Amino acid sequence: MKILVTGATGQLGKDVVHFFSNYCTVFGMSREDLDVTELEQCQQKISEIRPDAIIHCAAFTAVDLAESETDQAFKVNAVGSRNVALAAEKIGAKICYLSTDYVFDGTSNSPYNEYDNTNPINVYGKSKRAGEILVQNLSSKFFIVRTSWLYGLYGNNFVKTILRMARKGEQLKVVCDQVGSPTFSEDLAAFLYRLVTTEKYGIYHATNSGACSWYEFAKEIVRLKGLHSEVAPCATDAFPRPALRPNYSVLDHQSIRSNGFSDFRHWRDALELFLEKLDETRFL
């Protein structure tokens, strides 16, 4: 099986390339290798490689920056996804589009399932939802996989930031009124492999199990590492940012259950494994 990965140098992209390489021939494409915003380049490169499936990780993910760079966010997340979907359809390849919990507005009191109405409240979420719509309309073999609060060994993320600050002995103030599900990128990569080797097309919510606030997540990071920095809760209003965030964006895994896939491990177990690997590899 041949797999093409867009955004292959990103946090998730690197884990996807590494995991899939154990089982498939993988073509990892950085932005320099494949600019997804260029339709002709997408069609040429994808037609040359003729992958069986494309894992579309390339995205504009700077949530706050998207508020001031709206055109660029939509160019990458919507137009870029259209280009990849068209090129995939042309050769009969499957496409797996990575999306986000930010397609929801966060007003629910219970986990969102895959077919709940979307209502993004920031530019990033709107651009990712636009990408979903285009992939659905242009591909006959699509997987849309929404995830949340992603962290991994590569690049910067919330876990690494908390560790750096806690090791300095600083008091940490972390928002306690945003609730979601932290997700270890290696667990997501493993699920993506299980998914794209099937024909169980559709929309999936894929996160580690359980839910917490950012404050609870930070407390667990500090506790597991035996650090002594104080972690104090605060409201979102204490840290105003350009982009609104959903207050509650926990994702229900209805499609995982109904399609016979094994669910993800609990976020605390995934975090513990990640911290062990972080120590072993000295990524921090």
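**Exercise 1. State which residues of helix α7 are buried in this predicted model, and decide how far the helix is enclosed.**

Step 1. The cut-off for buried is a relative accessible area under 20%.

Step 2. In α7, the residues that meet it are Ser185, Glu186, Asp187, Leu188, Ala189, Ala190, Phe191, Leu192, Tyr193, Leu195 and Val196.

Step 3. That makes eleven of the twelve residues of α7, so the helix is largely enclosed by the rest of the structure.

**Exercise 2. Check the length of α7 against the span expected for its number of residues.**

Step 1. Helix α7 covers residues 185–196, which is twelve residues.

Step 2. At 1.5 Å a residue, the expected span is 16 Å.

Step 3. The end C-alpha atoms of α7 are 16 Å apart, which agrees with the expected span.

**Exercise 3. Describe the surroundings of Tyr193, leaving out residues up to four places away in sequence.**

Step 1. Tyr193 belongs to helix α7, and its side of the account in Exercise 1 is that it is buried.

Step 2. The residues it touches are Phe19, Phe20, Tyr23 and Cys24.

Step 3. For Glu230, take the C-alpha to C-alpha distance: Tyr193 and Glu230 are 39 Å apart in space, with their positions 37 residues apart in sequence.

**Exercise 4. Two residues other than glycine, Arg50 and Trp149, have positive phi. Give the place of each and say whether it is buried, partly exposed or exposed.**

Step 1. Arg50 has phi near 50° and sits in the loop that runs between α2 (39–49) and β3 (53–56).

Step 2. The relative accessible area of Arg50 is 46%, so Arg50 is partly exposed.

Step 3. Trp149 has phi near 45° and sits in the loop between β5 (142–147) and β6 (150–151).

Step 4. The relative accessible area of Trp149 is 9%, so Trp149 is buried.

**Exercise 5. Place Leu227 and Gly28 in the fold, and give for each a residue distant in sequence with its separation in space.**

Step 1. Leu227 is in the loop between α8 (214–224) and β12 (231–234). With a relative accessible area of 22%, Leu227 is partly exposed.

Step 2. Leu227 and Gly169 are 58 residues apart in sequence, while their C-alpha atoms are 8.3 Å apart.

Step 3. Leaving out residues up to four places away in sequence, Leu227 touches Leu163, Ala166, Arg167 and Val222.

Step 4. Gly28 is part of strand β2 (residues 25–29) and counts as partly exposed at 34% relative accessibility.

Step 5. From Gly28 to Thr6 there are 22 residues in sequence and 6.5 Å in space, C-alpha to C-alpha.

Step 6. With the same residues left out, the contacts of Gly28 are Val5, Ala8, Val17 and Asp33.

**Exercise 6. Decide how compact the whole protein is, and summarise its contacts and charges.**

Step 1. The protein has ten helices and twelve strands. Its radius of gyration is 18 Å, close to the 19 Å from the globule rule for 284 residues, so the protein is as compact as a globular protein of that length.

Step 2. The C-alpha trace spans about 55 × 40 × 40 Å along its principal axes, and 54% of the residues count as buried.

Step 3. Of the contacts between residues at least 6 apart in sequence, 81% join residues at least 24 apart.

Step 4. There are 31 positive and 34 negative side chains, and the centres of the two sets are 3 Å apart.

Conventions
Residues are numbered from 1 along each chain as its sequence is written. This is a predicted model: local features need pLDDT of at least 70, side-chain atom pairs count only at pLDDT 80 or more; totals for chains, interfaces and linings use all residues. Side-chain values use heavy atoms; hydrogens and water are left out. Helices (H or I, at least four residues) and strands (E, at least two) are DSSP runs, numbered from the N terminus. The radius of gyration is taken over C-alpha atoms; the globule rule is 2.2 Å times the number of residues to the power 0.38. Buried means under 20% relative accessible area, exposed over 50%, partly exposed in between (1.4 Å probe, protein chains only). Contact means heavy atoms within 4.5 Å. Lys and Arg count as positive and Asp and Glu as negative; His and the chain ends are not counted. The place of a charge is taken as NZ of Lys, CZ of Arg, CG of Asp or CD of Glu. The expected span of a helix is 1.5 Å times one less than its number of residues.
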